[in-house]
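Reader: I'm in my first year and still learning how to read these pictures. Please pick out the salt bridges and take me through them slowly, then show me how that kind of reading carries over to the rest of the chain.

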Amino acid sequence: MTKAATANPSGKTGVRIVVAGDRGTGKSSLIVTAAADTFPANVPPVLPPTRLPEDIYPDRVPVTIIDTSSRVEDSVKVAEELKRADAVVLTYACDKPETLDRLSAFWLPELRRFEVKVPVIVVGCKLDLRDENQQVSLEQVMSPIMQQFREIETCIECSAYKHIQIPEVFYYAQKAVLHPTGPLFDQESQTLKPRCVRALKRIFILCDHDRDGALSDAELNDFQVKCFNAPLQPSEIVGVKRVVEEKLPGGGATDRGVNERGLTLTGFLFLHALFIEKGRLETTWTVLRKFGYNDDIKLADELIPTVKRAPDQSVELTNEAIEFLRGIYELFDSDYDNNLRPAELEDIFSTAPESPWDEAPYKDAAEKTALGGLSVNAFLSEWTLMTLLDPSRAMENLIYIGYPLDTSTAVRLTRKRRLDRKKQQSERSVFQCFVFGPKNAGKSALLNSYIGRSFSDSPSSTVEDRYAVNVIDLPGGIKKTLVLREIPEDGIKKLLYNKESLASCDIAVFVHDSSDEFSWRRATELLVEVAGHGEDTGYEVPCLIVAAKDDLNSFPMAIQESTRVTQDMGIEAPIPISSKMGDINNVFRRIVNAAEHPHLSIPETEAGRSRKQYHRLVNRSLMFVSVGAAVAIVGLAAYRVYAARKSSSG
């Protein structure tokens, strides 16, 4: 793998380099000599912005150099310039050791104080004036500083007067911006960073066309042509493999750099570590960018489709995507025990920047097997949840794990929920249920029982929304996925502040502790609040009441109260359950059945009922007015006909 010249592979339109340092360290002379290729006799205290010729460096990206003042009174302006920099050049004078000490004592801490997180190039100017009796290597001088300040990309000494290494200063600065070390390489451990390894692994797999775990000579050549627009000569391929074999002879099957089939993944990663070590970061960056990666080593935004949808539409996986994911599951479930272990799951996502299910809301959202892994249903449920909540992220991760078709074939938009209500039937495969209720009502226990978690007597207080997802088997072999979203009591006000907050809800469940009258009253208040919000916004949802803790004695008047409320609002009687006893009373299937018929089980508040009566009254009045007006018009027309006949007969 060799680097061919590429014009601006990063897509950057310009690089802004700010030069800072103590007075008299040669900042202005350095800039003028780089721009004009001549040492200036006289320079002003601070130069105006200086543009280097576009073709001065191979990447052909315009470079603008900003000079800064060394005066204390200009420190605010200097800070502003540093904050706008793509890279910072810090200068010291080789003939004045105290200016070098000032870098670690003042300038580098100052950059951190301003939160300037860009590459730093340390430049020793006036090399021609250094005392010949003080010949200490640059590495010896700079090594302690670079250990302390990891933001230093490189160090270089130069002389504007004698034209020594002047173009190189700004070449290294530009290169540090276009081909940064930070995302690729950990300087401390001297290893490739995990995200870089994951991206290179995906690229290796994509280039391994015959899937034999190695890049053959032909595959290596195809890779070279794709990335660098130039083929590898047979002698170059032999040379590359010889270097890898010498460094990675390997004692086992996985640590060999080259095997009888070609270059292994281990060898491929080693080559990139070698390029970076030798300062050829542009080689690895060119490879990453050719395969669509941005500076964060994630797929560029333009490669990830966005899904436009109405608030009451949802996104589901297509059959093609589900079949692909089933195949992935079978491929990585190496012992075919329908138990994808955590290590096997990590292996699936080893070509993504990170495993997308390590954090909320996906972590622990699906049922675990007895061995702590995921069944195929749980695996697909997690994908379904991600597609529902963040379709772009789901498609992005499908790309990372090798979905072979256009990602537009992976997802589909559902029909608008308002249309479902008109048609009195939902065609959705995935239903989202919002679970409301006061504290300690049994919401978390309901979610836990849904995904097979053991019951806990100690109440859990949920601060953030929590999700649980599983597959529900319906009669006739039909499968639906139900997503439960637990809304903490403290989060309801914030949720309902948004007009469209119920648009993504297929059905709402209100849980109360059946032994606690206060819990029941609070649950009914929440029901009225949510139902009223639905009436006001037009996003009404079917609602069910769940009477939890049925193993405890009900509070007095529980039956009369619940009968009155449910009859008044026109919804079903509460469903009694006991998560502790494992008596769930088929509640999850009943939730799905209610969601499938979005025109039923919609509660009606007193305000909503009054509004409907008012509209009916207005409509009836308008109808009477319309009929009266029509009669009057017909009467007037008849009179005109009669008058016309009378005058003609006269």
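Author: Sure, let's start with the count: there are 39 salt bridges here. Keep in mind that this is a predicted model, so every distance I give you is computed from predicted coordinates.

Take R71 and D74: their side chains meet in a salt bridge, with 3.0 Å from N to O. R71 is partly exposed, with a relative accessible area of 41%.

Now look at R84 and E81, whose side chains also form a salt bridge, this time at 3.9 Å from N to O. That still counts, because the cut-off is 4 Å. Are the two partners buried or exposed? R84 is exposed, at 51% relative accessible area, whereas E81 is buried, at 15%. Those labels follow from the cut-offs, because buried means under 20% and exposed means over 50%.

Next, go to R415 and E427, which meet in a salt bridge at 3.6 Å, N to O. R415 sits in the loop between β13 (411-413) and α15 (417-423), and E427 is in the loop between α15 and β14 (430-436), so this pair ties together parts that are twelve residues apart in sequence. E427 counts as exposed, with 53% relative accessibility. This pair also belongs to a network of salt bridges that links R415, R417, D420, E427, R428 and D506. Try clicking through those six names in the structure.

You can read other spots in the same way. Helix α18 covers residues 517-537, and V528 is in it. S519 has its place in helix α18 too. S519 is buried, with a relative accessible area of 3%, while V528 is partly exposed, at 42%. Which residues does each of them touch, leaving aside neighbours within four places in sequence? V528 is in contact with M569 and T605, and S519 with P438, A441, H512 and D513. To get a feeling for distance, compare V528 with V258: they are 270 residues apart in sequence and 69 Å apart in space, C-alpha to C-alpha.

V258 takes us to a sheet. Three strands make an open sheet in the order β9-β11-β10, with antiparallel pairing. β9 (214-215) and β10 (258-259) are the edge strands and have a single partner each, so one side of each is left without a neighbour in the sheet. Helix α9 (residues 265-277) packs on this sheet, where it touches β9 and β11, and its direction makes about 75 degrees with that of β11. As for the pairing itself, β10 and β11 (residues 262-264) run antiparallel over two bridges, and N259 has G262 as its bridge partner in β11.

Then there's the nonpolar side of the story. The largest nonpolar core has 75 residues, and I203, F379 and W383 touch the most other members. Beyond four places in sequence, the residues touched by F379 include L325, I328, Y329 and W357.

One last thing is how far to trust what you see. The average pLDDT of the protein is 90, and 90% of the residues score at least 70. Residues 2-6 stay under 50, and the model has 13 contacts for them beyond four places in sequence. Where pLDDT is low, the predicted coordinates should not be read in detail.

Definitions and conventions
Residues numbered from 1 in each chain as written. Predicted model: local features only at pLDDT ≥ 70, side-chain atom pairs only at ≥ 80, totals over all residues. Heavy atoms only, no water. Buried < 20%, exposed > 50% of the residue type's maximum accessible area, 1.4 Å probe, protein only. Helix = DSSP H or I, 4+ residues; strand = E, 2+ residues; numbered from the N terminus. pLDDT = per-residue confidence, 0-100. Contact = heavy atoms within 4.5 Å. Pairing = 2+ DSSP bridges. Axes fitted to C-alpha atoms, helices over the stretch in contact; angles between N-to-C directions. Core = buried A, V, L, I, M, F, W, Y, C linked by side-chain atoms within 4.5 Å.
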